[in-house]
Amino acid sequence: MSSVSGIRLPGLATGMDTEAMVKAMVTADQEKIDKAQQKEQTVKWQQEIYREVMSDVIDFNEKYFSLTSKDSIVSSSAWNTLSITSSNSSVITATGTAGANNVDYKFDVKKLAEPAKAQSSIADLKKDSKLVSLGAKEEKFKIQLGTDDNNNPIYSNTIEITIDDTVETLINKINNSTDGKVKASYSEMTGKFTIETKDTGSSSEFKIVKEDGSSSDALDFLGLETKDSNGSLVKFDANGAKGSNSIIEVSSKDGTFTKTLSQESNTFTIDGVKYTVNSTGSAEITSKNDTDAVVKKMKSFVDDYNKIMDRVYDLVTEKKDSDYPPLTEAQKEEMEEDEIKDWEEKAKTGILRNDSEMRRFMDDMQKAIFGDKIDILNEMGISSHEDYNKRGQITLDESKFIAALQNDSEKAYKVFAGSSDSMMEKMKSTIKNYVGGSSSVFAKKAGLEKTASVANNFYSEQLKRQAELIKNLQNKMHDKEDKLYLKFGNLESQMNKLNSQMNYFMQG
């Protein structure tokens with residue numbers, strides 16, 4: 001680049017406004033750049049809107065279709081129509097599931113289910129006590145964790161006692177060897193070392209054995225004790241430790257029914273009611289029909305779903321306002337911040353009109369909801385919205401829905417959520433197809449956060465091409481400007497020479 005074109009001097013000799021003339025001569029080039037940048041901005045907005053919709057759909061999915069969500073609508077307990085109370089929750093509590101029977105019983109908990117357990121009996125045991133000082137020998141042992149379905153013994157990894165081991169390191173070695181099936185611990189309060197199974201009940205057990213499976217006295221130095229079948233403390237020996245079942249006497253209030261339950265776990269389900277036993281003692285469990293919680297959750301589900309469908313429908317039907325294209329940088333410089341914000345809101349309108357993926361999403365969700373179950377869903381209170389302007393949305397007839405729950409809540413649960421071909425399972429599957437990973441429909445279009453598609457998608461590829469086009473157009477315009485300034489510079493130089501000659505002749 002010449003010094004003249006680089007400095008870009010004004011027309012001192014010619015009297016011309018060089019800057020203005022060059023700017024006017026590249027107006028068409030600047031317009032091409034502006035249009036390319038406006039197209040780039042439109043694609044950015046399209047991608048942003050897509051990702052907002054994706055986020056809303058993912059949040060909806062996690063809120064209602066995840067079993068761990070407090071708002072889950074696919075778990076059996078979400079369809080419980082029984083309100084259950086306990087007269088003494090410190091003894092026993094209960095919750096219903098779909099199709100649960102009414103309960104009105106008295107529970108007398110005689111004994112809780114217990115794990116297989118052994119505990120040290122020696123005095124003055126400390127966490128940092130050296131095992132050799134307690135009489136331990138250097139040796140290897142395993143824990144036999146019962147048997148498998150073929151009656152073959154199940155063993156822990158090999159545990160080795162060394163001269164440097166303490167009670168604490170022994171605990172760590174045991175816990176690291178059993179994959180959580182057995183837990184060793186120490187209580188500073190009682191000074192006791194304990195080893196027990198994770199599971200409770202008479203089928204839980206463990207033994208201390210040598211590597212060949214024969215009985216081992218490797219932990220005898222701890223003076224381990226366990227309970228026999230009568231609940232009395234006995235020495236832990238080759239028989240190992242066994243768990244025990246709970247003993248619960250159940251009776252009807254009128255005395256016409258009595259039964260003794262023996263359960264492996266302190267949490268169990270009978271007749272669709274999940275019981276949790278907390279301590280020995282007596283309590284009455286009673287119930288009454290109450291559909292309010294289920295209806296409230298379904299109303300929330302329908303409302304949130306309709307909000308998503310309402311937005312998608314607006315996006316694919318709203319018309320583009322040609323009076324509001326994306327602003328150029330020059331236009332933004334002449335506007336206030338609020339004016340820019342208002343303009344851009346209008347400029348975003350209609351940029352996804354008739355988007356094929358969005359329309360297909362609406363159609364597929366409708367098919368997932370109704371499919372071949374449209375008649376039974378209508379009977380249970382779910383139907384397509386009658387308003388054409390609310391296409392894709394659904395309505396809930398509360399009276400029909402309540403009647404369906406009261407008539408047979410288990411059937412309602414199966415139709416809505418409790419089977420592989422239920423309405424909500426099909427909705428989940430459709431949502432997964434659209435936002436379930438980097439290969440999903442919307443991810444391929446706009447990119448899904450935290451997946452490879454975030455940079456490799458339709459819109460991102462468009463933005464890369466548009467950025468390259470803008471760069472090329474800008475380089476082309478700059479080259480043209482440089483050539484024009486060079487020409488004007490040469491003209492100035494010639495005019496300076498001519499002026500000098502004229503001055504010379506006039507002086508002569």
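Three exercises with worked solutions follow, all on a predicted model.

**Exercise 1.** Determine which side chains of strand S8 (residues 182-187) are buried, and describe how S8 pairs with strand S9.

Solution. Begin with the general rule that side chains in a regular strand alternate between the two faces of the sheet. In S8, Val182, Ala184 and Tyr186 point to one face and are buried, that is, under 20% relative accessible area, whereas Lys183, Ser185 and Ser187 point to the other face and are not buried. Next, take the pairing: S8 and S9 (residues 192-200) are antiparallel, with 6 bridges, and Lys183 stands opposite Glu196 of S9. Finally, examine the connection, a hairpin with 4 residues between the two strands, where Gly191 in the turn has a positive phi of about 70°.

**Exercise 2.** Establish the strand order of the open sheet that contains S2, S16 and S17, and explain why S2 and S16 stand at its edges.

Solution. The order is S2-S17-S16, with antiparallel pairing. Because S2 (92-96) and S16 (267-270) each have a single partner strand, one side of each is left without a neighbour in the sheet. Neighbouring strands here are turned by 25° against each other on average, direction ignored. Between S2 and S17 (residues 273-277) there are 5 bridges, and Ile92 has Val277 in S17 as its bridge partner.

**Exercise 3.** Characterise the lining of the largest pocket.

Solution. The pocket holds about 590 Å³ of space, and 25 residues line it, with Lys117, Thr226, Lys227, Asp228 and Lys242 nearest its centre. Sorted by class, the lining comprises 6 nonpolar, 9 polar and 10 charged residues. Strand S4 gives the most, with 5 residues.

Terms used
Residues are numbered from 1 along each chain as its sequence is written. This is a predicted model: local features need pLDDT of at least 70, side-chain atom pairs count only at pLDDT 80 or more; totals for chains, interfaces and linings use all residues. Side-chain values use heavy atoms; hydrogens and water are left out. Buried means under 20% relative accessible area, exposed over 50%, partly exposed in between (1.4 Å probe, protein chains only). Two strands pair if DSSP finds at least two bridges between them. Axes are lines fitted to C-alpha atoms, for helices over the stretch in contact, and angles run from 0 to 180 degrees between N-to-C directions. On a 1 Å grid over the protein atoms alone, a cavity is a set of points where a 1.4 Å probe fits but cannot get out, and a pocket is an open set with protein on both sides within 12 Å along at least five of seven lines; lining residues have an atom within 4 Å of a point. Grid points are joined across faces, edges and corners, and a volume is the space filled by probe spheres set on the points. Ala, Val, Leu, Ile, Met, Phe, Trp, Tyr, Cys and Pro count as nonpolar, Asp, Glu, Lys and Arg as charged, and the others, Gly among them, as polar.
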